[in-house]
Amino acid sequence: FGQDVRDLISALGGLPVLVRLCSPSHPEDTVDDAVVALSQLCLDEETVAEFVCLGGLQVLADLLLDESKSTRIHSHVLEFLPRTLLNDEVIVAFVDLGVIPALIKQCKESNTTLVRRALVVLTILSRVDEVAERLMKTGILLVEPLFLICEAN
């Protein structure tokens, strides 16, 4: 979307509507389209902050945790997530939603794009000391070296 379209969608209250369209009660194509649209809208810190305030992190976590969702949805969620993790407080809140096991599971998929995106998110999460301690307890603090290996290949 261009800036004019993003401004128009925001002015018309599109962000809350798109967040609601990500609920499991909607068809999978609708959910995926909503995630992609949110990713296109949330390009600046102000819009991302509004997305977070609207419960967007919970929505993304729910989509990641839902194993019945398609690889395509998981991939789009993982692509969008790095922009939503604005600061340490948001990162800790996201981790508190129980997403670590889902992220680890994504790293075991055969789809290399999905694996790479999951590793990017885990790397971002691991840069917060409190989260890094939790990751050490699960034995996956080697995320950053794994990501570097993936980038090299």
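This report walks through the fold, the surface charge and three residues of one protein chain.

**Overall picture**

Please keep in mind that the model is a predicted one. The protein chain contains eleven helices and zero strands, so a walk from the N terminus passes one α element after another, α-α-α-α-α-α-α-α-α-α-α. Of the 153 residues in the protein chain, 41% are buried. The accessible surface adds up to about 8000 Å², and carbon and sulfur atoms account for 55% of that area. If you like to think in contact maps, consider the contacts between residues at least 6 apart in sequence: 64% of them link residues at least 24 apart.

**A patch of negative charge**

On the surface, D4, D7, D44, E45, E46 and E50 come together as a negatively charged patch. Two helices, α1 (3–11) and α4 (45–53), each contribute at least two residues to this patch. The top contributor is α4, which provides three residues. One member of the patch, D7, sits in helix α1. Is D7 buried, partly exposed or exposed? With a relative accessibility of 40%, D7 is classed as partly exposed, because that class lies between the buried limit of under 20% and the exposed limit of over 50%.

**Two residues in and around α9**

Helix α9 (112–126) is preceded by a loop that follows α8 (100–106), and K108 is located in that loop. K108 has a relative accessible area of 68%, so this residue is exposed. Its C-alpha lies 9.7 Å from that of A118, a residue ten positions away in sequence.

L114 belongs to helix α9 itself. Its relative accessibility is 1%, and therefore L114 is buried. Which residues does L114 touch, leaving aside those up to four places away in sequence? The partners are T71, H74, S75, L78, Q106 and E109. For one of these partners, T71, there is also a distance to quote: the C-alpha atoms of L114 and T71 are 7.7 Å apart, although 43 residues separate the pair in sequence.

**The three residues in one table**

Here are the accessibility values for the residues discussed above.

| Residue | Relative accessibility | Class |
|---|---|---|
| D7 | 40% | partly exposed |
| K108 | 68% | exposed |
| L114 | 1% | buried |

For a look in your viewer, D7 can be found in α1, K108 in the loop between α8 and α9, and L114 in α9.

Key:
Residues are numbered from 1 along each chain as its sequence is written. This is a predicted model: local features need pLDDT of at least 70, side-chain atom pairs count only at pLDDT 80 or more; totals for chains, interfaces and linings use all residues. Side-chain values use heavy atoms; hydrogens and water are left out. Helices (H or I, at least four residues) and strands (E, at least two) are DSSP runs, numbered from the N terminus. Buried means under 20% relative accessible area, exposed over 50%, partly exposed in between (1.4 Å probe, protein chains only). Contact means heavy atoms within 4.5 Å. Accessible areas come from the Shrake-Rupley method with a 1.4 Å probe; for residues, only the protein chains shown count as cover. Patches are made of residues with over 30% relative accessible area and no salt bridge: like charges are joined within 9 Å, nonpolar side chains (Val, Leu, Ile, Met, Phe, Trp, Tyr) within 5 Å. A salt bridge is a side-chain nitrogen of Lys or Arg within 4 Å of a carboxyl oxygen of Asp or Glu. Lys and Arg count as positive and Asp and Glu as negative; His and the chain ends are not counted. The place of a charge is taken as NZ of Lys, CZ of Arg, CG of Asp or CD of Glu.
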